[in-house]
Amino acid sequence: MFRLVSREPERMKGYGMKSAAQVAALLAVEPEPYYCEMKELARQVREHVALVSPRVRCSELRKIYRAQGIGLTLWPGKVRNLRGAYFNDELGVNVIVMKELPKDAMVFTMAHELKHHLVDSGLKPYSKWRFDQPNPIVVGADLFAAELIYPEKAFESDLERMRARASECPVDVILRLKKKTGTSLPYRVFRERAVLMGFAPASMFRVSFWQKQEKANW
């Protein structure tokens, strides 16, 4: 059975059964240490379950879910602005993921919800979470998911190797990187990482081809 190998995140100690809104407010004061811990936790989980490539499959996450006792429901149809949800109540521990999501978005969503299970399981209630944006609990789950799928250091190293041709458009480099690695990291996260790393300005991703890919595949 999978065992959490990370220490309890320092920023979460002492929060006990406080509401998710209270914890989010506390974390929002200084979120960076918390975000770093979520990335570290993702790397530890990745190593523990022997994920060796940036191509992570739903079957690999299902295996982690089973070991953690997490039920998984693929919900038919679409719910506006909802990809997944985590519940921990009298009915047990369950994750709901929208069935119609593209594969990469489904993998990312399952990884996102895994963070809620590993870190936020003492927070109540799940089904009524409402936050102002950005909410550090959710941002932390996105960072955890991205790091679990494609660690930043590997991403940066691979990107550096792919950008050998200085005249090539950064968007084309990123597209080649995604195709070559077959990574499950969604297009939206590729864009956000590239912008944060200073590899390309946000304006460069406004080209119609990229926007179509991001809209279709998240």
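Reader: What follows H7, and what is the sign of its phi?
Author: Gly 182 follows H7. Its phi is positive, near 65°. Bear in mind that this is a predicted model.

Reader: And H7 itself? How many residues, and what reach?
Author: H7 covers residues 170-181, twelve residues. From the first C-alpha to the last it reaches 16 Å. That is close to the 16 Å expected at 1.5 Å a residue.

Reader: Which residues of H7 are buried?
Author: Pro 170, Val 171, Val 173, Ile 174, Leu 175, Leu 177 and Lys 178.

Reader: What covers them?
Author: The cover includes H4, helix H6 (152-162), helix H8 (187-196) and helix H9 (208-217).

Reader: Let's take H4, then. Where does Thr 109 lie?
Author: Thr 109 lies in H4, which spans residues 103-119.

Reader: Why does Thr 109 count as buried?
Author: Because its relative accessibility is 1%, and buried means under 20%.

Reader: What is Thr 109 in contact with?
Author: Leaving aside neighbours within four places in sequence, Thr 109 is in contact with Arg 83, Gly 84, Val 97 and Leu 101.

Reader: Val 97 sits in a strand, right? Which residue is its bridge partner?
Author: Leu 74 is the partner, and Val 97 is in E3. Five bridges join E1 (residues 71-75) to E3. Those two strands run parallel.

Reader: How does E2 run against E3, parallel or antiparallel?
Author: Antiparallel. Six bridges join E2 (residues 84-89) to E3. One pairing is Asp 89 with Gly 92 of E3.

Reader: How many residues lie between E2 and E3?
Author: Two, and the strands form a hairpin.

Reader: How many residues of E3 are buried?
Author: Five of its seven, so E3 (residues 92-98) is mostly covered.

Reader: New topic, the core. How many residues has the largest nonpolar core?
Author: The largest nonpolar core has 59 residues. Phe 144 and Leu 148 have the most contacts inside it. H4 gives this core its largest share, nine residues.

Reader: Why would nonpolar side chains be buried together?
Author: In soluble globular proteins, that is what nonpolar side chains tend to do.

Reader: Back to Phe 144. What is it in contact with?
Author: Leaving aside neighbours within four places in sequence, Phe 144 is in contact with Met 38, Leu 41, Ala 42 and Val 45, and also with Ala 111, Leu 114, Lys 115 and Leu 118.

Methods. Residues numbered from 1 in each chain as written. Predicted model: local features only at pLDDT ≥ 70, side-chain atom pairs only at ≥ 80, totals over all residues. Heavy atoms only, no water. Buried < 20%, exposed > 50% of the residue type's maximum accessible area, 1.4 Å probe, protein only. Helix = DSSP H or I, 4+ residues; strand = E, 2+ residues; numbered from the N terminus. Pairing = 2+ DSSP bridges. Contact = heavy atoms within 4.5 Å. Core = buried A, V, L, I, M, F, W, Y, C linked by side-chain atoms within 4.5 Å. Expected span 1.5 Å × (residues − 1).
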